[in-house]
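Dear colleague,

I am handing over the structure below, and after it I set out what was found when the coordinates were analysed. Please read the notes alongside the model itself.

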Amino acid sequence: MPYSPPPRARSGPRRRTLLASLAGATALLTGCASGSSPAERAVSAGTRARARAARDSADLLVRYDAVLDAHPALTDRLSPLRAAVAAHRDAFGGTPDAKATKSATAQQSPSPVPTASADRKEALTSLASAERTVADRRAAALLEVPGELARLMASVAAAGSAHAYLLTEAAK
């Protein structure tokens with residue numbers, strides 16, 4: 001039987017070992033640099049999402065108020081929806097001070113509310129679009145927030161979608 005030389009032994013660590021070590025070191029450094037545990041980061045994400053949801057509801061309230069100021073004939077139709085949006089803002093921990101909300105967000109309103117009586121349909125359509133946008137944003141954020149907040153956001157997103165539907169139907 002012929003003599004076969006022993007397999008060549010590598011000196012030093014293997015490539016897989018180096019890659020695994022590098023990945024582990026990166027994870028360790030990232031964890032140490034942030035100074036927080038995954039639970040703390042989830043709470044932080046939840047706090048940010050809750051604040052964003054409260055701001056979104058406050059912005060919707062400003063839009064409802066602008067439509068109601070421009071079109072008082074829509075009061076009976078929009079008052080229940082506006083009350084629900086106010087309850088959503090409060091549920092997310094927003095401030096119920098309407099004057100502060102109006103002054104803070106009136107400058108941020110992306111589009112003015114149509115004021116002519118012929119533009120009532122356009123005002124309702126714009127309000128429906130705003131409701132739909134906020135509902136979609138909340139639904140997209142569900143995967144990033146902890147359990148109880150996710151349930152609240154899902155419920156409020158569903159209500160916002162229902163509001164968008166009702167406003168769209170009212171604009172017809």
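**Helix packing and confidence**

The axes of helix α5 (residues 120–141) and helix α6 come within 8 Å of each other and cross at roughly 160°. Since angles over 145 degrees count as roughly antiparallel, α5 and α6 are therefore roughly antiparallel to each other, and α5 passes α6 in a left-handed crossing. On the α5 side the contact is made by K121, L124, T125, L127, A128, E131, R132, A135, R138, A139 and A141, while α6 contributes M153, V156, A157, G160, S161, H163, A164, L167, T168, A170 and A171. Sorted by class, the residues of this contact between α5 and α6 divide into 13 nonpolar, five polar and four charged.

Please keep in mind throughout that this is a predicted model, with an average pLDDT of 79 over the protein chain and 64% of the residues scoring at least 70.

A second packing involves helix α6 (residues 147–171) again, this time with helix α3 (residues 75–91), at an angle of about 160° and with the axes 11 Å apart. That angle makes α3 roughly antiparallel to α6, and α3 passes α6 in a left-handed crossing. Here R77, L78, L81, A84, V85, H88 and A91 of α3 meet L152, V156, A159, H163, L166, L167 and A170 of α6, and by class the contact has eleven nonpolar, two polar and one charged residues.

One residue that appears in both contact lists deserves a separate word, namely H163, which is found in helix α6. At 7% relative accessibility, H163 counts as buried, and, leaving aside its neighbours within four places in sequence, H163 is in contact with Y64, L81, A84, V85, H88 and E131.

Two residues of helix α2 may also be worth locating in your viewer. V67 lies in helix α2 (residues 38–70) and counts as buried, because its relative accessibility is 2%; its C-alpha atom is separated by 6.5 Å from that of A123, although V67 and A123 are 56 residues apart along the chain. R52, which also has its place in helix α2, is partly exposed, with a relative accessible area of 36%, and the C-alpha atoms of R52 and R138, 86 residues apart along the chain, are separated by 9.3 Å.

For the chain as a whole, the secondary structure comes to six helices and zero strands, so the elements run α-α-α-α-α-α from the N terminus on. Buried residues make up 30% of the 172 residues, and among the contacts with a separation of 6 or more, 78% are between residues 24 or more positions apart.Finally, a caution on where the confidence falls: it is lowest in helix α4 (residues 98–105), at a mean of 46, and highest in α3, at 95. Over residues 99–110 the pLDDT stays under 50, and for this stretch the model has 13 contacts beyond four places in sequence. Where pLDDT is low, the predicted coordinates should not be read in detail.

With best regards

Definitions and conventions:
Residues are numbered from 1 along each chain as its sequence is written. This is a predicted model: local features need pLDDT of at least 70, side-chain atom pairs count only at pLDDT 80 or more; totals for chains, interfaces and linings use all residues. Side-chain values use heavy atoms; hydrogens and water are left out. Axes are lines fitted to C-alpha atoms, for helices over the stretch in contact, and angles run from 0 to 180 degrees between N-to-C directions. Helices (H or I, at least four residues) and strands (E, at least two) are DSSP runs, numbered from the N terminus. Angles under 35 degrees count as roughly parallel, over 145 as roughly antiparallel, 65 to 115 as roughly perpendicular and the rest as oblique. A crossing is left-handed if the near helix is turned anticlockwise from the far one by less than a right angle, and right-handed if clockwise. Contact means heavy atoms within 4.5 Å. Ala, Val, Leu, Ile, Met, Phe, Trp, Tyr, Cys and Pro count as nonpolar, Asp, Glu, Lys and Arg as charged, and the others, Gly among them, as polar. pLDDT is the predictor's confidence in each residue, from 0 to 100. Buried means under 20% relative accessible area, exposed over 50%, partly exposed in between (1.4 Å probe, protein chains only).
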